Amino acid sequence: MALLKIRHYPDPVLKKVAAPVTEFDDALRQLANDMAETMYAAPGVGLAAPQVGISKRLTVIDCSARDEDAQLLVLVNPEIIDQEGEACEEEGCLSVPEYYAKVNRSARVKVRFQDLDEQSHIIEAQGLTAIACQHEIDHLDGILFVDHLSPLKRSIFRKKWKKIEEHLLGQM
Ligand code: NI
């Protein structure tokens, strides 16, 4: 197990559309384990492979800290196949530390994905897990939660981000 380095906005890997996973091997298993460890250590409720510099369609999610029915989800090649309702919760992102904003999402989603053994599954998610699924699958398409903000809020974000970056550099 190893902690992976989390890439921060505006790292170009975060803007790339990630490639489908085609090799279901030990390296994929190791990556999923390391991503889960990195997510728990951060701590965060979700982490997508592009956030650790690997442009592949893999994400880990665990919302059990705030939703007791939740558990660790390892989603390979996930896609949203159905969605309904509306939600608007404050979101943050390990790649955009110290910044939080409300984002419009669907309240419930149906997600098709593969597990580490290449088996296909469909899950229905609601609450925080539904929001995390949408946030993480966005990462696989090169989209950050700040990309959903209005032009005005995005310009406020860019100004705030300059200060956050200076703060983060000061911590290094
Ligand atoms: Ni994120």
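**Entry 1: strands S1 and S2**

I began with S1 and strand S2, which covers residues 58-61, and found that the two run antiparallel and are joined by three bridges. As one example of the register, I looked up Gly46 and noted that its bridge partner in S2 is Ile61. I keep in mind throughout that I am reading a predicted model.

**Entry 2: the sheet as a whole**

Next I followed the sheet outward from this pair, and I recorded an open sheet of five strands in the order S1-S2-S3-S6-S7, with antiparallel pairing. Which strands stand at the edges? They are S1 (46-48) and S7 (120-126), and because each has a single partner strand, one side of each is left without a neighbour in the sheet. From one strand to the next, I noted a twist that averages 40 degrees.

For the pairing of S3 with S6 I counted on six bridges in the antiparallel sense, and within it I found Ile80 standing opposite Val111 in S6. S6 and S7 also pair in the antiparallel sense, here over seven bridges. Along S6 and S7 I looked up two positions: Arg112 stands opposite Ile122 in S7, while Gln114 has Ser120 in S7 as its bridge partner. The two strands form a hairpin with five residues between them, and in the turn I marked Glu118, whose phi is positive at about 70 degrees.

**Entry 3: helices on the sheet**

I then asked what lies across the strands, and found helix H1, made of residues 26-41, lying across S1, S2 and strand S3 (73-84), with a direction at about 40 degrees to S2. Helix H2, residues 127-140, packs on the sheet as well, where it touches S1, S2, S3, strand S6 (108-114) and S7, and its direction makes about 110 degrees with that of S3.

Within helix H2 I stopped at Leu140, which counts as buried at 0% relative accessibility. Leaving aside neighbours within four places in sequence, I listed the contacts of Leu140 as Lys16, Val17, Ala18, Ala48, Pro50, Lys56, Arg57, Leu58 and Pro78. I also checked Leu140 against Ala2, which is 138 residues away along the chain, and the C-alpha atoms of the two are separated by 22 Å.

**Entry 4: the nickel ion**

Which protein atoms are the donors of the nickel ion? I found Cys93 (SG), His135 (NE2) and His139 (NE2), lying 2.1 to 2.2 Å from the ion. Along the chain these donors follow the spacing C-x41-H-x3-H. Since Cys93 lies in strand S4 (residues 87-93) and His139 in helix H2, the pair ties together parts that are 46 residues apart in sequence.

I also asked whether these two donors are buried or exposed. Cys93 is buried, with a relative accessible area of 10%, and His139 is buried too, with a relative accessible area of 1%.

**Entry 5: Ser106**

I looked up Ser106 next and placed this residue in the loop between strand S5 (96-105) and S6. Ser106 is buried, with a relative accessible area of 12%, and its side chain is joined to that of Gln83 by a polar contact of 2.9 Å. Not counting residues up to four places away in sequence, Ser106 touches Gln83, Glu84, Gly85, Glu86, Ala87 and Gln134.

**Entry 6: aromatic rings**

Last, I went through the aromatic residues and noted that the structure holds five aromatic pairs. I looked closely at one of them, formed by Tyr9 and Trp161, which is edge-to-face, with 5.6 Å centre to centre and 85 degrees between the planes. This pair links distant parts of the chain, as Tyr9 is in the segment before H1 and Trp161 is in helix H3 (residues 151-171), 152 residues apart. I checked the accessibility of Trp161 as well, and at 4% this residue counts as buried. Both rings belong to one aromatic cluster, which is formed by Tyr9, Tyr99, Phe145, Phe157 and Trp161.

Methods:
Residues are numbered from 1 along each chain as its sequence is written. This is a predicted model: local features need pLDDT of at least 70, side-chain atom pairs count only at pLDDT 80 or more; totals for chains, interfaces and linings use all residues. Side-chain values use heavy atoms; hydrogens and water are left out. Two strands pair if DSSP finds at least two bridges between them. Helices (H or I, at least four residues) and strands (E, at least two) are DSSP runs, numbered from the N terminus. Axes are lines fitted to C-alpha atoms, for helices over the stretch in contact, and angles run from 0 to 180 degrees between N-to-C directions. Contact means heavy atoms within 4.5 Å. Donors are N, O and S atoms within 2.8 Å of the metal (3.2 Å for Na, K and Ca); water is not among the atoms, so sites may look incomplete. Buried means under 20% relative accessible area, exposed over 50%, partly exposed in between (1.4 Å probe, protein chains only). A polar contact is a pair of N or O atoms within 3.5 Å; within protein, one must be able to donate a hydrogen and the other to accept it, and residues adjacent in sequence count only if both atoms are side-chain atoms. Rings of Phe, Tyr and Trp (its six-membered ring) pair if their centres lie within 6.5 Å; planes under 30 degrees apart count as stacked, over 60 as edge-to-face and the rest as tilted.
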